[in-house]
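Here is a short tour of one protein model. Look over the sequence and the structure first, then read on.

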Amino acid sequence: MENETRNSEQFIKSTLGNKNPFATPDNYFDAIEDQFSAKLAEENFSKENPFKVSDNYFESLEDTILAKVESGKKEVKVISLKDRLLKVIPFAAAASIILFIGLNTFNFNTDNTASLDSLSDADIEYWLDSNTLHTTDIASVLEDDLLEENAFYFTDIEDESIEDYINTDDNSYLLNELK
């Protein structure tokens, strides 16, 4: 009976408390595979000293390194700039001659500018009959200095007329502006 009480669940809980006696450490199963493979690899290593250098290794080391470095040299082809220029100069000279001849054949300095003096009266009348004039057309023809002139340019106003206007009209607002 005593055996039965010792194996009962209540007896185990009373002696151990709520602790689980079969618990594993944290992250145990995450690292178990790496530990197992490390143990297997460790058993396969030889028990001899792995850091032993073979005989005459340092005597021939310099020769083997130099042999590897010297074998990497390649002959590089050098292209001369002078040779390239000598090949291009005839083409450049031919192009400049063709350009010179081409520009001189087309006469760009023509003095055939159109003016009102070169047009006949019949041409002007025909154009006026066939086209309608807009204010933009008139503005483009008129010169800037004509547009800036005084509005009284075309009228003749005598001094007496100006004096009569000033005397007859109510000019009190003019005197108020002077103050």
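## An exposed loop residue

Start with Asn56. Its relative accessible area is 51%. The cut-off for exposed is over 50%, so Asn56 counts as exposed. Keep in mind that this is a predicted model.

Where does Asn56 sit? Asn56 belongs to the loop between helix 3 (28–44) and helix 4 (57–70). Its backbone stands out too: the phi of Asn56 is positive, near 60°, and the residue is not a glycine.

## The overall fold

How many helices and strands does the protein have? There are 10 helices and zero strands. Along the sequence the pattern reads α-α-α-α-α-α-α-α-α-α.

Little of the chain is buried: buried residues are 1% of the 179 in the protein. The exposed area of the protein is about 18,800 Å². Carbon and sulfur atoms supply 57% of that area.

## Helix 2 and the glycine after it

Why does helix 2 count as lying largely in the open? Helix 2 spans residues 9–16, and of its eight residues the number buried is zero, so the helix lies largely in the open. A residue is buried when its relative accessible area is under 20%.

Gly17 comes just after helix 2. The phi of Gly17 is positive, at about 85°.

## The largest pocket

The largest pocket has a volume of about 290 Å³. Its lining consists of 13 residues, and those closest to the pocket centre are Leu116, Leu119, Ile124, Trp127 and Val141. Two elements give two or more residues each to this lining: helix 6 (121–130) and helix 7 (135–141).

What kinds of residues line the largest pocket? Nine are nonpolar, two are polar and two are charged.

## A nonpolar patch on the surface

Now turn to the surface. Leu116, Leu119, Ile124, Trp127, Leu128, Leu133 and Ile138 make a nonpolar patch of about 650 Å². Which helix gives the most to this patch? Helix 6 does, with three residues.

Ile124 links the two features. Ile124 lies in helix 6. It is among the residues closest to the centre of the largest pocket, and Ile124 is also part of the nonpolar patch. Is Ile124 buried or partly exposed? Its relative accessibility is 31%, so Ile124 counts as partly exposed. That class covers values between the buried limit of 20% and the exposed limit of 50%.

Definitions and conventions:
Residues are numbered from 1 along each chain as its sequence is written. This is a predicted model: local features need pLDDT of at least 70, side-chain atom pairs count only at pLDDT 80 or more; totals for chains, interfaces and linings use all residues. Side-chain values use heavy atoms; hydrogens and water are left out. On a 1 Å grid over the protein atoms alone, a cavity is a set of points where a 1.4 Å probe fits but cannot get out, and a pocket is an open set with protein on both sides within 12 Å along at least five of seven lines; lining residues have an atom within 4 Å of a point. Grid points are joined across faces, edges and corners, and a volume is the space filled by probe spheres set on the points. Helices (H or I, at least four residues) and strands (E, at least two) are DSSP runs, numbered from the N terminus. Ala, Val, Leu, Ile, Met, Phe, Trp, Tyr, Cys and Pro count as nonpolar, Asp, Glu, Lys and Arg as charged, and the others, Gly among them, as polar. Patches are made of residues with over 30% relative accessible area and no salt bridge: like charges are joined within 9 Å, nonpolar side chains (Val, Leu, Ile, Met, Phe, Trp, Tyr) within 5 Å. Accessible areas come from the Shrake-Rupley method with a 1.4 Å probe; for residues, only the protein chains shown count as cover. A salt bridge is a side-chain nitrogen of Lys or Arg within 4 Å of a carboxyl oxygen of Asp or Glu. Buried means under 20% relative accessible area, exposed over 50%, partly exposed in between (1.4 Å probe, protein chains only).
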